[in-house]
Amino acid sequence: MAEIQVEPIELYGLSQKQQIKTLFSKIGIVGCGSVGQNIARIASVYGIEVVFIELSEEKIREAYDQMSKVLDQRINNWGMTQGEKKAIMARIKGTLDYKELADCDFVIEAIRSQSHEERKVDERKEVFRRIEEVVSPECIIGTNSTTIIITELSSELKYRERCVSLHFFVQSPEARVCEVVKGLYTSEDVYEKVKKFVTMVNRLVIPVEEAAGLISIRLFSSLLNEACEVLMEGVGELPDIDKVMKIGFGMRFGPFELADILGLDKMVRWMDNLYSEFGRAKYKPSPILKRLVRAKRMGREVGAGFYTYDEDGNIIDNGHFKTFNV
């Protein structure tokens, strides 16, 4: 009679499989505004566990609510099922405690700063220091900032070679590209791993040399300022300028509509930083942008910017801009 071979069933158990660790099993995000939420959703969709840090329980709830709302829109458009949404949200955890980042493979700083540029750099440096205190030396630390140099942010860390900059595009789910920047201290190994991460979440890697504004913000800032100049000169009305760029040049959004999506206060901060960095007048924020920000018309998120929006983010006026003509 043949001898019966017995193998331990534990080898095939679920708990055993859960111990298998991939290159990016878990990532952390510090700051879960629109950018942080976008990164969290993208990563979770592709099976990566996410933990994000916020300043209060209220902000954590707001982040969950916003992410849930975006996923519901995909469900309504037949792009996702309720079961898939539940699985995605189950992989995302919000917390106030930096210690929750301890076992992350990659932590991305995406804080929303309302301060002047010098203080903004100091705030982000402090975030980097707090991250380094709790993560392992192998954990990669990145920033999603577009106008702050990663070399400066990482200059005071113990393991500076593991720091990198990357820029996810949040204005459209179809914008499947990500600018990736290697700083002065960034090791080649870390840079290659981050490019693999971007590929893992189905984004096209755009390698960019270290420079304030990268490719995207430098080009768009100039376009937006020129669009404002055309508007102030009375060459064309606001919605028509947007139509020319959308229909004539195939842009998904016109410059004014896209600025509203990104946030006019954010655009002014980016442009102030570019002007400070390069000293070129083309980056200095247009008077129209500054007047809108002073009037608290920050863009689509608050319901008013160049255009006025309903609760679902749809434009509800024709964009005639007589009130703020300069």
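**Exercise 1. Find the salt-bridge partner of Glu 156 in helix α5 for which the closest N and O atoms are 3.3 Å apart, and work out which parts of the chain the pair ties together.**

Step 1. Glu 156 forms a salt bridge with Lys 125, and their closest N and O atoms are 3.3 Å apart; a salt bridge here is a side-chain nitrogen of Lys or Arg within 4 Å of a carboxyl oxygen of Asp or Glu.

Step 2. Glu 156 sits in the loop between α6 (150-154) and β6 (163-168), whereas Lys 125 belongs to helix α5 (residues 117-134), so the contact ties together parts that are 31 residues apart in sequence. Helices (H or I, at least four residues) and strands (E, at least two) are DSSP runs, numbered from the N terminus.

Step 3. Lys 125 counts as buried at 13% relative accessibility, while Glu 156 is partly exposed at 48%; buried means under 20% relative accessible area, exposed over 50%, and partly exposed in between, with a 1.4 Å probe and protein chains only.

The model is predicted, so local features need pLDDT of at least 70 and side-chain atom pairs count only at pLDDT 80 or more, whereas totals for chains, interfaces and linings use all residues. Residues are numbered from 1 along each chain as its sequence is written, and side-chain values use heavy atoms, with hydrogens and water left out.

**Exercise 2. Determine which residues are linked with Glu 156 in a network of salt bridges.**

Step 1. Arg 129 also forms a salt bridge with Glu 156, with the closest N and O atoms 2.7 Å apart. Since Arg 129 lies in helix α5 and Glu 156 in the loop between α6 and β6, this pair ties together parts that are 27 residues apart in sequence.

Step 2. Arg 129 is partly exposed, at 29% relative accessibility.

Step 3. The network links Lys 125, Glu 126, Arg 129 and Glu 156, and the search of the whole structure finds 13 salt bridges.

**Exercise 3. Describe how Glu 192 and Lys 195 are placed in helix α7.**

Step 1. The two side chains meet in a salt bridge, at 3.1 Å from N to O.

Step 2. Glu 192 and Lys 195 are three residues apart in helix α7 (residues 188-200), and are therefore separated by about one helical turn.

Step 3. Glu 192 counts as partly exposed, with 32% relative accessibility.
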